[in-house]
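This report concerns one sheet and the surroundings of one ligand. Please consult the sequence and the structure shown here while reading.

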Amino acid sequence: MIKKMQIDLDRRAGFCFGVENAIKIAEKELKAGNKVYCLGQIVHNEMEIRRLEKLGLLTIDHDTYKKLKNTRVLIRAHGEPPETYRIARENNISLIDATCPIVAHLQNKIRTCYEEIIKEKGQIVIFGKQGHAEVIGLIGQTGNTAVVINSWEDLDKLNYHYPIYMYSQTTRDIHEYEQLKQEIRKRLRETGDREPPPFISYDTICSQVSSRATELEQFARDHDLVIFVSGKNSSNGKYLYNVCKSNNPNTIFVSIPEELQLPLSGSPQRIGISGATSTPSWLMEKIRDKIKEFYHL
Ligand code: SF4
């Protein structure tokens, strides 16, 4: 008997509450007929951006922002550095602040730490991607003095004779963070200083990301084929895709339905569709429907 193909949508996939909140705020403003500029892409997903732009959302970069006056600008979930707020005050821009509360809390924590340690030559370290919007907002709290660490090689940037306070971008891999912390501890011990300087690290990876990774491992193992849907610029998407791929080598990455090649190779029976915290549910549903239509399910 030929077994029927089964397609499961990962119910935990889709927008995290920070992104969902920012999109809801934008939609509310647009519905009220207000002109809404969004500083940077509201979410790292081209399809969702196109949908919102059709409703009237205007995405602008930071150079354009600096030239605006007397208008309203939305700050997305990733947050912004203090400089952005200063410009708003100077140019009479009303900010619609949709910074995710978790990111805002992290920014406050880093700012307070910076103010406390400034005299002791302490170093604030951010495990994150240089140039990522959230990271720019975080290092902005330290007058751009924080050291951004993205890889093992970057650890050479630190001075192991002075205190280190370490934070992570909210969407990073928890295991990689642990490994970097261990290496820092090791290097501090190896300095030969009679008393190694303090090293304090904070668990600042968002639980919406870290808990998803564990569940995604099982989801990936439970399917013959996993279709992972995400924008190509999403850090969280890259991370969660790798989680899938390492638990099920038969995982493919697609950003838009057109990228999915049919028929699917290997005749999979159980197909799982998952996505990043920036992937809209409707996009995963579109991919499911494309497969259903092709196979007459
Ligand atoms: S991943 Fe977490 S911290 Fe980042 S926007 Fe989403 S809810 Fe906020």
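The text below takes up the sheet and then the ligand shell.

The model is a predicted one. In it, four strands form an open sheet with the order 3-2-4-5 and parallel pairing. Strand 3 (58-60) and strand 5 (94-97) are the edge strands, each pairing on one side only. On average, and with direction ignored, neighbouring strands of this sheet are turned by 35 degrees against each other. Strands of a sheet pair through backbone hydrogen bonds, either parallel or antiparallel. Strand 2 (residues 37-39) and strand 4 (residues 72-75) run parallel and are joined by three bridges. The bridge partner of L39 in strand 4 is I75.

The ligand is surrounded by 14 residues, of which C16, G18, C100, I102 and C206 are the closest. Three helices, listed in the table, each give two or more residues to this shell.

| Element giving two or more residues to the shell | Residues |
|---|---|
| Helix 1 | 17-31 |
| Helix 5 | 101-117 |
| Helix 8 | 207-221 |

Helix 1 gives the most to the shell, with three residues. By class, the shell consists of nine nonpolar and five polar residues, with no charged residues.

Where does the ligand lie with respect to domain 2 and domain 3? Both domain 2 (17-99) and domain 3 (102-201) give residues to the shell, and therefore the ligand lies between them.

Methods:
Residues are numbered from 1 along each chain as its sequence is written. This is a predicted model: local features need pLDDT of at least 70, side-chain atom pairs count only at pLDDT 80 or more; totals for chains, interfaces and linings use all residues. Two strands pair if DSSP finds at least two bridges between them. Axes are lines fitted to C-alpha atoms, for helices over the stretch in contact, and angles run from 0 to 180 degrees between N-to-C directions. A residue is near a molecule or strand if its C-beta atom, placed from the backbone, lies within 6 Å of it. Ala, Val, Leu, Ile, Met, Phe, Trp, Tyr, Cys and Pro count as nonpolar, Asp, Glu, Lys and Arg as charged, and the others, Gly among them, as polar. Domain bounds come from an automatic or database domain assignment.
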